[in-house]
2 protein chains.
Amino acid sequence: MALQPASHQPASRHLANLLPLTPASAGDFAAFDKVGSVIIVKRGETLFYEGDAADCYFKVASGAVRSCKLLADGRRHIGAFFLAGDFIGINDEESHLFTAEAVSDTTLIRYSRRSFDNLLSEQPALGRCLLRMLCHGLTAAHEQMLLLGRKTAQEKLASFLLIMAERSGGGDAVVLPMTRADIGDYLGLTIETVSRAVSHLKSEGIIQLKSANEVVIRNRALLEAMAEGV
Amino acid sequence: MALQPASHQPASRHLANLLPLTPASAGDFAAFDKVGSVIIVKRGETLFYEGDAADCYFKVASGAVRSCKLLADGRRHIGAFFLAGDFIGINDEESHLFTAEAVSDTTLIRYSRRSFDNLLSEQPALGRCLLRMLCHGLTAAHEQMLLLGRKTAQEKLASFLLIMAERSGGGDAVVLPMTRADIGDYLGLTIETVSRAVSHLKSEGIIQLKSANEVVIRNRALLEAMAEGV
DNA sequence: CGCCGCATTGAAATTAGTCAATACTCGTGG
DNA sequence: CCACGAGTATTGACTAATTTCAATGCGGCG
């Protein structure tokens with residue numbers, strides 16, 4: 001699907017890990033904003049539940065949202081964190097495939113599925129943009145599977161910090177809006193293991209903690225090497 | 001994207017786990033067959049490497065293909081097994097995102113990316129079909145992330161057997177064309193752990209082994225319960 | 001028959017998880 | 001302004017699951 005010349009790929013693999021659906025460029029989906037309405041969800045509140053009728057899609061304006069899936073006995077997995085600009089819930093199914101909850105107070109734009117689909121059929125370019133977004137999501141999902149299946153706790157955390165750094169502008173200062181529990185459920189670890197991995201990176205001087213959820217990357221090269229399993 | 005009335009969802013979650021891209025119905029992509037050429041790859045041979053220019057897409061006619069990613073020190077992860085009817089390598093990127101190798105002797109249809117794209121722009125319906133396929137792949141990837149991040153070895157194997165049973169017709173007899181090493185790398189386990197999980201299911205009478213890679217499901221209800229973490 | 005690749009099984013080592021105690025942060029109310 | 005409390009994070013000690021290492025078994029093929 002070389003629908004358009006693909007945007008140049010990120011240099012190192014983990015940087016591709018933008019799990020949620022992000023338009024390639026900011027303006028790509030501007031047309032959608034006209035058919036959406038603004039909603040606000042407070043920290044911890046649920047946007048929709050797994051299995052709910054998927055009659056709306058959402059785009060994050062500010063804040064953060066997590067997608068959750070549960071096993072029968074309550075074990076939780078977070079499939080993605082959605083940050084400003086990310087689309088949530090876009091799929092071909094009748095019902096939502098995960099529960100979406102606000103990580104922090106969040107503002108979203110809600111689109112009715114009907115108007116979304118209408119717009120899509122009117123403007124073929126949007127369909128191609130959507131295809132690109134889905135491809136990107138699939139690529140990121142494969143990267144995340146490698147992480148979950150084969151990386152150690154240290155490597156998982158290193159990868160996570162680099163992903164978050166990349167998604168929040170690419171600088172060395174990273175704000176983590178989610179708790180350690182959220183990070184654990186995203187990486188397939190427990191709270192304690194996440195905390196120990198953070199402490200370890202800190203003691204090695206690879207990162208610095210401004211506070212529990214403000215991290216500064218001090219040695220990016222080493223962090224990247226760790227993330228790749230070197 | 002309710003592009004078309006979505007096909008009814010599978011009753012239980014793991015059945016949705018058709019990781020590779022499969023057309024919703026057999027005829028959906030028949031148009032593509034006219035622009036493809038047949039190629040044969042022997043067991044163990046490589047179809048393409050991660051990073052290769054993605055100028056071709058493939059569809060499996062018979063046999064099986066695995067997608068692999070490697071970490072720096074050689075740890076391997078298999079992202080998907082592609083069986084008859086599955087499309088391989090479709091993405092928006094310039095280069096392939098994984099290495100594709102034949103699990104067994106395999107016949108494929110190769111499409112040049114150019115003719116694939118041409119066909120796509122000529123027939124909008126194919127684009128919608130492709131969207132559905134990608135959504136399906138994304139759904140399956142999320143399910144696999146839950147498996148990799150939160151399921152035990154037993155639960156992983158139970159899920160895997162049910163996925164394979166579903167993909168090979170839905171009956172209780174399942175042929176596994178891949179080795180234990182492949183299964184391990186797909187589930188984020190070692191060969192030995194896979195083997196022990198198989199032995200355990202066998203000793204419980206939940207499955208029966210005709211040979212090392214021919215399994216018969218004897219107690220599907222229990223296997224499904226295990227897969228869901230009950 | 002004997003070799004080779006793959007699978008199984010056992011025992012030891014390691015990683016991450018569990019349980020438990022303590023510390024930090026931030027907001028509220030005295 | 002400080003004390004208190006709830007929620008979150010850190011740290012330690014112990015446990016359990018999985019991996020690693022090692023040996024044996026099985027099946028097909030020259």
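Hi everyone, this is a short walk through a predicted model of two protein chains with two DNA strands.

A word on ground rules. Residues are numbered from 1 along each chain as its sequence is written, while chains are lettered from A and ligands numbered from 1 in the order in which they are written. Because the model is predicted, local features need pLDDT of at least 70 and side-chain atom pairs count only at pLDDT 80 or more, whereas totals for chains, interfaces and linings use all residues; side-chain values use heavy atoms, with hydrogens and water left out.

Let's begin with chain A. It has seven helices and eleven strands; here helices (H or I, at least four residues) and strands (E, at least two) are DSSP runs, numbered from the N terminus. Chain A has 230 residues, and 56% of them count as buried. By buried I mean under 20% relative accessible area, with exposed over 50% and partly exposed in between, using a 1.4 Å probe and protein chains only. Among the chain A contacts with a separation of 6 or more, 74% are between residues 24 or more positions apart, where contact means heavy atoms within 4.5 Å. Chain A exposes about 9100 Å², and carbon and sulfur atoms supply 53% of that. That area comes from the Shrake-Rupley method with a 1.4 Å probe; for residues, only the protein chains shown count as cover.

Now to the inside. Which residues touch the most other members of the largest nonpolar core? They are Leu157 and Phe160, in chain A and in chain B alike, out of 70 residues in that core. A nonpolar core here is a set of buried Ala, Val, Leu, Ile, Met, Phe, Trp, Tyr and Cys residues joined through side-chain atoms within 4.5 Å. Take Phe160(B): leaving aside residues up to four places away in sequence, it touches Phe81(B), Leu176(B), Met178(B), Ile183(B), Tyr186(B) and Leu187(B). Apart from this core lies another, of 30 residues, including Tyr57(A), Leu119(A), Leu134(A) and Leu119(B).

Next, please find helix H5 of chain A, residues 180–187. Seven of its eight residues are buried, so this helix is largely enclosed by the rest of the structure. The buried ones are Arg180(A), Asp182(A), Ile183(A), Gly184(A), Asp185(A), Tyr186(A) and Leu187(A). At the start of H5(A), a side-chain oxygen of Thr179(A) reaches to within 3.3 Å of the backbone nitrogen of Ala181(A). After H5(A) comes Gly188(A), with a positive phi near 75°.

Over in chain B, two charged side chains deserve a look. Asp185(B) lies in helix H5 of that chain and is buried, at 12% relative accessible area. What joins the side chains of Asp185(B) and Arg76(B)? A polar contact of 2.5 Å, meaning a pair of N or O atoms within 3.5 Å; within protein, one must be able to donate a hydrogen and the other to accept it, and residues adjacent in sequence count only if both atoms are side-chain atoms. Asp185(B) also touches Arg150(A), a residue of the other chain. The second is Arg167(B), in helix H4 of chain B (residues 153–167). Arg167(B) is buried at 19%, and its side chain makes a polar contact of 2.4 Å with the side chain of Asp86(B).

Finally, the DNA. Strand D is surrounded by 18 residues, counting any with a heavy atom within 4 Å of it. The closest are Arg180(A), Ser195(A), Ser199(A), Thr193(B) and Arg196(B). Of the strand D atoms within 4 Å of the protein, 60% belong to sugar or phosphate and the rest to bases. Phosphate oxygens of strand D lie 2.8 Å from a side-chain N or O atom of Ser195(A), 3.1 Å from one of Arg43(A) and 3.2 Å from one of Thr190(B). Helix H6 (191–203) of chain A and helix H6 (191–203) of chain B are the elements giving two or more residues to this surface, and H6(A) gives the most, with five.

Strand C also has 18 residues around it, and the nearest are Thr193(A), Arg196(A), Arg180(B), Ser195(B) and Ser199(B). Sugar and phosphate make up 63% of the strand C atoms that come within 4 Å of the protein. A base oxygen of strand C is 2.8 Å from a side-chain N or O atom of Arg196(A). For strand C, H6(B) gives the most to the nearby surface, with five residues.

Thanks for listening!
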